[in-house]
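I opened a notebook page for this chain and went through it from the overall fold down to a single side chain. The entries are in the order in which I looked things up.

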Amino acid sequence: MNELCLFSREIVVDNPSDLTTLVTQIKQAISDHKLQQVFPENAPFQTRSNIADFTENGPWPADYIEWYCVSCVDKKLYRLSVETYHGMGGRWQSV
C-alpha cells in the first residue's frame with residue numbers, strides 16, 4: 001500500500017504507540033510534500049501547535065489533539081483527533 005493510500009482511509013488510534021506511529025508517518029508525509037498541515041477557521045477545538053514539533057519522547061501538546069492536514073494531491077481535508085490524557089483514543093479521518 002502506498003503512503004497516500006494509507007492516509008486516505010480511516011485509522012483508529014487505540015493506544016499511545018498507535019498515535020506515535022501515525023504522527024511520525026504524518027510528519028514524514030508533510031516533509032515529502034504529500035500532506036500539508038492547515039488551521040481551518042471553522043475548527044474551534046483544533047490544536048494550534050505544529051505537527052513538525054512533535055517528538056517521540058513527548059510530551060503531547062495537549063490532553064486533546066485535533067490536527068488538520070490537506071492532501072497535496074487531491075486536496076482532501078483530514079483530521080487527527082485524539083484524547084491523550086485518559087487514553088480514550090481517537091482517529092484519523094477524512095472530513
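The entries below cover the fold, the overall dimensions, the surface and charges, the core, and two leucines.

Entry 1, fold. I noted before anything else that this is a predicted model. I then looked up the secondary structure and found two helices and five strands. Following the sequence, I wrote down the order of elements as α-β-α-β-β-β-β.

Entry 2, dimensions. I checked whether the radius of gyration suits a chain of 95 residues: a compact globule would come out near 12 Å, and the chain has 12 Å, so the two agree. Along the principal axes, I recorded a box of roughly 35 × 30 × 20 Å for the C-alpha atoms. I also looked at contacts with a separation of 6 or more, and 45% of them join residues 24 or more positions apart.

Entry 3, surface and charge. I found 39% of the 95 residues counted as buried. The accessible surface is about 5,800 Å², and carbon and sulfur atoms hold 51% of that area. For charges, I listed 8 positive and 12 negative side chains, with 7 Å between the centres of the two sets.

Entry 4, core. Which residues have the most contacts inside the largest nonpolar core? I got Leu22, Ile26, Leu80 and Trp92, in a core of 18 residues. At least two core residues come from each of strand S1 (11-13), helix H2 (16-31), strand S3 (64-71) and strand S4 (77-83). I marked H2 as giving the most, with five residues.

Entry 5, Leu80. I listed the contacts of Leu80, leaving out residues up to four places away in sequence. The list holds Val13, Leu19, Leu22, Val23, Ile26, Ile65, Glu66, Trp67, Arg91 and Trp92. Ile26 and Trp92, also named among the residues with the most contacts in the core, are both on this list.

Entry 6, Leu22. I placed Leu22 in helix H2. Is Leu22 buried or exposed? Its relative accessible area is 3%, and buried means under 20%, so I entered Leu22 as buried. With neighbours within four places in sequence set aside, Leu22 is in contact with Phe7, Ile11, Val13, Leu80 and Trp92. I looked further at the pair Leu22 and Phe7: they are 15 residues apart along the chain, and their C-alpha atoms are separated by 9.5 Å.

Key. Residues are numbered from 1 along each chain as its sequence is written. This is a predicted model: local features need pLDDT of at least 70, side-chain atom pairs count only at pLDDT 80 or more; totals for chains, interfaces and linings use all residues. Side-chain values use heavy atoms; hydrogens and water are left out. A nonpolar core is a set of buried Ala, Val, Leu, Ile, Met, Phe, Trp, Tyr and Cys residues joined through side-chain atoms within 4.5 Å. Buried means under 20% relative accessible area, exposed over 50%, partly exposed in between (1.4 Å probe, protein chains only). Helices (H or I, at least four residues) and strands (E, at least two) are DSSP runs, numbered from the N terminus. Contact means heavy atoms within 4.5 Å. The radius of gyration is taken over C-alpha atoms; the globule rule is 2.2 Å times the number of residues to the power 0.38. Accessible areas come from the Shrake-Rupley method with a 1.4 Å probe; for residues, only the protein chains shown count as cover. Lys and Arg count as positive and Asp and Glu as negative; His and the chain ends are not counted. The place of a charge is taken as NZ of Lys, CZ of Arg, CG of Asp or CD of Glu.
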